[in-house]
Amino acid sequence: MTSKEYAGYLIDLDGTMYNGQAKIDEAADFIERLRKTKKPFLFLTNNSTASAQDVCKNLKERSNVLAYPEEVYTSTEVTIQYLMEIKAQRIYLIGDQGLREGIKDAGFELAKSKVDAVVVGYDNEVTFEEFKEATLLIQAGAIFIGTNPDTNIPTEEGLVPGNGALLAFLEASTGVEARIMGKPEATMMEGALRKLALEKEEVLMVGDNYTTDIQAGIKNGLDTLLVLTGFTSAEELADLPVPATYVVNTLDEWELN
C-alpha cells in the first residue's frame, strides 16, 4: 500500500508488535525498514505494568524487535508528568509493580489517607478492599486518574479484561469519570509529538485497536494505520464511525516513502 510520506511514526505494542506472548512475524521487518529509512518513531503503550526497559526486553523476546528505552513512551511516564503538573504529592495506587516503582521513583508518596489523587493502572490481583478504599477516597475529593482506558487486553488465549474494566467498576461506584492519561487522550499524544519534535501532520499513528490507537489519531489530528493483527477485526471495518486513514492486514503490506 502506498501513501503520502510521513516524517515519523507512533507505534502501538500489544496486537501490533506482538500478541501477548505470541510473535507477530512482520513486526521486526517493519521496524528495520523504519531504521533503514531513518524515520524516527516511538513505541506508545497504554500498559502501565512494564518499564521502558521491560518493553524493550519484551519486544526482543516476543518478536525479535530491537528497541531502546528512549524509543518507548509509556502511560506510566504520562501519568507521572500529569501528577507533577497538578502538584500532587500523596497518591493512592492500584497498579502493578512497574507503575508502583515508577511513581515511587518519581518522588511521590504512596498513601491510604488524605491523598491528592487515586491512580488506577492494570492490576490482575486487585482486591475488593482496594476498590473500596479507592471509592471512598474519590468520594472524599481525590482526583481520579486512569493510566489507560483499554477494556480488554489481546492475548494468545483471547481478549481478557483490561484497565478500562477496573475503571468502569470505580466510575460506577463513585459517579466520577476517570481522567485518562494514555491513548486515545491528548495527554499522551501531545507528549509523544514533543518527544519526536514533529508536528501532527507529519506523523502516522499505527495500531491494532480502533478504540484506543486509531481514535488517538482521529481525536488528535493524526493520520492512522489500522493493522488487523490484534483487537479490531476485518469484520468490524464497515461499522466503524470514522474509518482509519489506511488499513492493512499485516505490516509488511505497508510501503515506506
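## Strand β1, its neighbours and a five-stranded sheet

I11 in β1 has V206 of β13 as its bridge partner. The model is predicted: local features need pLDDT of at least 70, side-chain atom pairs count only at pLDDT 80 or more, and totals for chains, interfaces and linings use all residues. Residues are numbered from 1 along each chain as its sequence is written, and side-chain values use heavy atoms, with hydrogens and water left out.

Helices (H or I, at least four residues) and strands (E, at least two) are DSSP runs, numbered from the N terminus. Two strands pair if DSSP finds at least two bridges between them. The pairings covered here are listed below.

| Strands | Sense | Bridges | Facing residues |
|---|---|---|---|
| β1 and β13 | parallel | four bridges | I11 and V206 |
| β1 and β4 | parallel | four bridges | L10 and L42 |
| β8 and β9 | parallel | four bridges | V119 and I145 |

**Strand β1.** Five of the five residues of β1 are buried, where buried means under 20% relative accessible area, exposed over 50%, and partly exposed in between (1.4 Å probe, protein chains only). G8, L10 and D12 point one way from the strand, while Y9 and I11 point the other way. In a regular strand the side chains alternate between the two faces of the sheet.

**Helix α8.** This helix spans residues 210–220, and eight of its eleven residues are buried. They are Y210, T212, D213, I214, Q215, A216, G217 and N220. These buried residues pack against β1 (8–12), β13 (203–207), β14 (223–227) and helix α7 (186–196); contact means heavy atoms within 4.5 Å. After α8 comes G221, with a positive phi near 80 degrees.

**Residue S48.** The loop between β4 (41–45) and α2 (52–63) holds S48. S48 counts as buried because its relative accessibility is 0%. Leaving aside residues up to four places away in sequence, S48 touches S75, T76, G98, L99, G121, Y122 and T147.

**The five-stranded sheet.** An open sheet with parallel pairing runs in the order β7-β6-β8-β9-β12. Its edge strands, β7 (109–110) and β12 (179–180), each pair on one side only. Within this sheet, β8 covers residues 117–120 and β9 covers residues 143–146. Helix α5 (residues 128–139) packs on the sheet and touches β6 (90–94), β8 and β9. The direction of α5 makes about 140 degrees with that of β6; axes are lines fitted to C-alpha atoms, for helices over the stretch in contact, and angles run from 0 to 180 degrees between N-to-C directions.
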